[in-house]
Amino acid sequence: MALQAPRYITYIPLTDLPPDPANPKKHELERIIASIKDHGFISTPVVDERTGLTIDGHGRRSALIEMQVRGEPAPGGLLVDDDGGWLVPVTRGWASENDHQAHAVLILLNRLQEAGGWYPAPLAAILEELATSDADLFDSLAYTDDEMESLLRQVDPEKLPQGTEDDEDSTPPAGDDFDSDLGDSGDNERTGTLSCPACGHLFTPGQ
């Protein structure tokens, strides 16, 4: 006996993916567009089977519409029909019980992404690796100088991939002397560059 999957992915026309007019979430559309262009369409929107409306993925939907208007090619992960229309993968199978639940889930799915936060050391290790090996990918994350400073203040430099106990020249002093220039001589504070506490690499995040 074949089992019927309670959730499944199917492709539908972008024009058949209606938004929920009650959606209260704002979106940084240009960042979503840049992400889709760089990496393809990864995370599939979700449709509420009861209402037929999008329950998750409004920003991605808007980004795809804007890309079409601009004449961009269909990104990886989409299909194109014989008339040139874009077909979008969506997750189907979930249905809200009523409008109250639909609206709660509409907010909850966004709130859950915000709630967890980050583990500073693993995050800093990945960012340090990207900053020194692939500047374009690092810049695509759009970290500001202030965000990088705040993150690096929480991290033991010796726990980053290139940090070692013997690397005395590139490891800044610990304690109260580890000020806002993140171990640099002070010139970086004026130029907007940051110094990685593990390897001493200078980079300008978010540009």
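Leu64 has plenty of company in this predicted model: setting aside neighbours within four places in sequence, Leu64 is in contact with Leu14, Ile36, Phe41, Pro75, Leu78, Trp86 and Val88. Two of these partners turn up again in the largest nonpolar core, a set of 15 residues in which Ile36, Leu64 and Val88 touch the most other members. Helix H1, helix H2 (58-69) and strand S5 (86-92) each give two or more residues to this core. There is also a second, separate core, made of eleven residues, and Leu127, Met148, Leu152 and Val155 are among them. In soluble globular proteins, nonpolar side chains tend to be buried together.

Stepping back to the whole chain, there are seven helices and seven strands. Read from the N terminus, the elements follow the order β-α-β-β-α-β-β-α-α-α-α-α-β-β. The protein chain has 207 residues, and 36% of them are buried. Its accessible surface comes to about 12700 Å², with 50% of that belonging to carbon and sulfur atoms. As for contacts with a separation of 6 or more, 71% of them are accounted for by residues 24 or more positions apart.

Back to H1 and H2, then. The axes of these two helices come within 9 Å and cross at roughly 75°. An angle from 65 to 115 degrees counts as roughly perpendicular, so that is how H1 and H2 sit relative to each other. On the H1 side, the residues that meet H2 are Leu29, Ile32, Ile33, Ile36 and Lys37. Their counterparts in H2 are Gly59, Arg60, Ser62, Ala63, Leu64, Glu66 and Met67. Leu64 and Ile36, both named above for the core, are thus part of this helix pairing too.

Two other helices can be described by their span and their buried residues. Helix H3 (residues 99-115) has 17 residues and reaches 24 Å from its first C-alpha to its last, close to the 24 Å expected at 1.5 Å a residue. Its buried residues are Ala102, Val105, Leu106 and Asn110, and what covers them includes S3 and H2. Helix H4 (residues 120-133), with 14 residues, reaches 20 Å between its first and last C-alpha, close to the 20 Å expected at 1.5 Å a residue. In H4, the buried residues are Leu123, Ala124, Ala125, Leu127, Glu128, Leu130 and Ala131. Leu127 is also one of the residues in the second core.

The loops deserve a look as well. Asn23 is found in the loop between strand S1 (8-13) and helix H1 (29-39). With a relative accessible area of 18%, Asn23 falls under the 20% cut-off and so counts as buried. Not counting residues up to four places away in sequence, Asn23 touches His58 and Leu106; Leu106 is listed among the buried residues of H3.

Leu53 is in another loop, the one between strand S2 (46-47) and strand S3 (54-56). Its relative accessibility is 22%, so Leu53 counts as partly exposed. Pro19 lies 34 residues away along the chain, yet the C-alpha atoms of Leu53 and Pro19 are separated by 5.6 Å. Leaving out neighbours within four places in sequence, the contacts of Leu53 are Pro18, Pro19, Asp20, Pro21, Val46, Val47 and Asp48.

Definitions and conventions. Residues are numbered from 1 along each chain as its sequence is written. This is a predicted model: local features need pLDDT of at least 70, side-chain atom pairs count only at pLDDT 80 or more; totals for chains, interfaces and linings use all residues. Side-chain values use heavy atoms; hydrogens and water are left out. Helices (H or I, at least four residues) and strands (E, at least two) are DSSP runs, numbered from the N terminus. Buried means under 20% relative accessible area, exposed over 50%, partly exposed in between (1.4 Å probe, protein chains only). Contact means heavy atoms within 4.5 Å. Accessible areas come from the Shrake-Rupley method with a 1.4 Å probe; for residues, only the protein chains shown count as cover. A nonpolar core is a set of buried Ala, Val, Leu, Ile, Met, Phe, Trp, Tyr and Cys residues joined through side-chain atoms within 4.5 Å. The expected span of a helix is 1.5 Å times one less than its number of residues. Axes are lines fitted to C-alpha atoms, for helices over the stretch in contact, and angles run from 0 to 180 degrees between N-to-C directions. Angles under 35 degrees count as roughly parallel, over 145 as roughly antiparallel, 65 to 115 as roughly perpendicular and the rest as oblique.
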